[in-house]
Amino acid sequence: MENQIITPKRSLTEKTEELLNEQIGMEGKSSAYYLSMASWCDTMGYVNASNFLYKHAEEERQHMLKIFAYINDAGGHALQPEVTGIKHRFESLREVFEAILGHEIEVTKSINKLVDHCFTIKDFTTFNFLQWYVTEQREEETLARRAVELFDIIGEQGIGLWTIDQEIGKLHQYAVETGAGDGAQ
Ligand code: OFO
C-alpha cells in the first residue's frame with residue numbers, strides 16, 4: 001500500500017496526483033465531447049438539446065478547473081490534458097444521448113477508482129473533496145438516463161423527435177432550477 005506523504009511542500013502522493021490528473025483528462029474530454037454534440041444538435045435544429053449540451057460542456061470545464069485548483073493548492077501540478085478523438089457527426093439524436101449516458105457511466109467508474117484509492121491510502125482530505133463528484137455523477141447519470149428513456153416513451157416517428165427535443169428542454173430547465181447535474185445537494 002502506498003504511504004501518504006505529506007511534506008511542507010505537498011499534501012498529495014505522486015499516485016494521487018497522477019490519478020487526479022487523469023480525472024482532469026476525463027472532465028476535459030467530457031467538455032469537448034459535449035461541445036461537439038451541442039454543435040451537431042444546433043446544425044440539426046434540435047434547439048433545446050443544443051442549449052442543454054452547450055451548458056453541460058461549460059459545467060464539465062468547471063469540473064476540470066476545480067481539480068486544477070485542488071492539485072495546485074496541495075503543492076502538485078495540474079496538467080492541461082490532450083483531448084483527441086472527439087466525434088463530430090452523429091447518426092441521430094438518440095445516439096447522442098446514449099453516448100452521453102455511456103460516457104457518464106465511464107466517468108463515474110473513474111471517480112470511484114479515485115475515491116477507492118484515497119480511502120485506501122487514508123488521504124481523507126482528497127476523499128472528502130471527491131464527494132462532490134460522487135454526488136454530481138449520480139445526478140448526471142440520472143439526467144442522461146431520463147433523456148434516453150424519452151426516445152422509447154415518446155417514439156421517434158412523426159413529431160416524436162420535435163417532442164423529445166421539447167422534453168429535453170424541460171429536463172434542462174429542471175436541472176437549472178434544482179442544480180441537478182451541477183453537484184448541488
Ligand atoms: Fe464532470 O460530471 Fe459528468 O462527466
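Buried means under 20% relative accessible area, exposed means over 50%, and partly exposed covers the values in between. These classes are used throughout this report on a predicted model.

## Overall architecture

The protein has 5 helices and 0 strands. Read from the start of the sequence to its end, the pattern is α-α-α-α-α. Along the principal axes, the C-alpha trace spans about 65 × 30 × 25 Å. Of the 185 residues in the protein, 48% are buried. Among contacts with a separation of 6 or more, 76% are between residues 24 or more positions apart.

## Packing of helix 4 and helix 5

Two packed helices are described by the angle between their axes and the distance between the axes. Helix 4 covers residues 124-154 and helix 5 covers residues 160-178; the two pack at an angle of about 155°, and their axes are 10 Å apart. An angle over 145 degrees counts as roughly antiparallel, and helix 4 and helix 5 are therefore roughly antiparallel to each other. Their crossing is right-handed.

On the side of helix 4, the contact is made by Leu143, Arg146, Ala147, Leu150, Phe151 and Ile154. Helix 5 contributes Gly160, Leu161, Thr163, Ile164, Glu167, Ile168, Leu171 and Ala175. By class, the residues of this contact comprise 10 nonpolar, 2 polar and 2 charged.

## Salt bridges

The structure holds 12 salt bridges. Three of them, each within one helix, are listed here.

| Pair | Closest N to O distance | Helix and spacing |
|---|---|---|
| Glu106 and Lys109 | 3.1 Å | helix 3, 3 residues apart |
| Arg145 and Glu141 | 3.4 Å | helix 4, 4 residues apart |
| Glu149 and Arg146 | 3.0 Å | helix 4, 3 residues apart |

In helix 3, the 3-residue spacing of Glu106 and Lys109 amounts to about one helical turn. Glu106 is partly exposed, with a relative accessible area of 40%.

In helix 4, Arg145 and Glu141 are likewise separated by about one turn of the helix. Which class does Glu141 fall into, buried or exposed? With a relative accessible area of 11%, Glu141 is buried, because the cut-off for that class is under 20%. Its partner Arg145 has a relative accessibility of 32% and counts as partly exposed.

Glu149 and Arg146 also lie in helix 4, about one helical turn from each other. Arg146 is one of the residues through which helix 4 touches helix 5, and the side chain of Arg146 also meets that of Glu149 in a salt bridge. Glu149 counts as partly exposed at 31% relative accessibility, and Arg146 counts as partly exposed at 38%. Elsewhere, Arg94, Glu98, Asp152 and Glu156 are joined into one network by salt bridges that share partners.

## Glu27 in helix 1

Glu27 is placed in helix 1, which covers residues 14-44. How is Glu27 classed, buried or exposed? Glu27 is buried, with a relative accessible area of 0%. Leaving aside residues up to four places away in sequence, Glu27 touches Glu60, His63, Met64, Ile67, Val107, Ile111 and Tyr133. Glu27 and Glu59 are 32 residues apart in sequence, and their C-alpha atoms are 9.4 Å apart in space.

## Gln62 in helix 2

Gln62 is placed in helix 2, which covers residues 47-73. Gln62 has a relative accessible area of 43% and is partly exposed. Along the chain, Gln62 and Arg145 are 83 residues apart, and 22 Å separates their C-alpha atoms.

## Lys122 in the loop before helix 4

Where does Lys122 lie? Lys122 lies in the loop between helix 3, residues 93-120, and helix 4. Although Lys122 is not a glycine, this residue has a positive phi of about 60°. Lys122 is exposed, with a relative accessible area of 52%; the value qualifies because exposed means over 50%.

Key: Residues are numbered from 1 along each chain as its sequence is written. This is a predicted model: local features need pLDDT of at least 70, side-chain atom pairs count only at pLDDT 80 or more; totals for chains, interfaces and linings use all residues. Side-chain values use heavy atoms; hydrogens and water are left out. Axes are lines fitted to C-alpha atoms, for helices over the stretch in contact, and angles run from 0 to 180 degrees between N-to-C directions. Angles under 35 degrees count as roughly parallel, over 145 as roughly antiparallel, 65 to 115 as roughly perpendicular and the rest as oblique. A crossing is left-handed if the near helix is turned anticlockwise from the far one by less than a right angle, and right-handed if clockwise. Contact means heavy atoms within 4.5 Å. Ala, Val, Leu, Ile, Met, Phe, Trp, Tyr, Cys and Pro count as nonpolar, Asp, Glu, Lys and Arg as charged, and the others, Gly among them, as polar. Buried means under 20% relative accessible area, exposed over 50%, partly exposed in between (1.4 Å probe, protein chains only).
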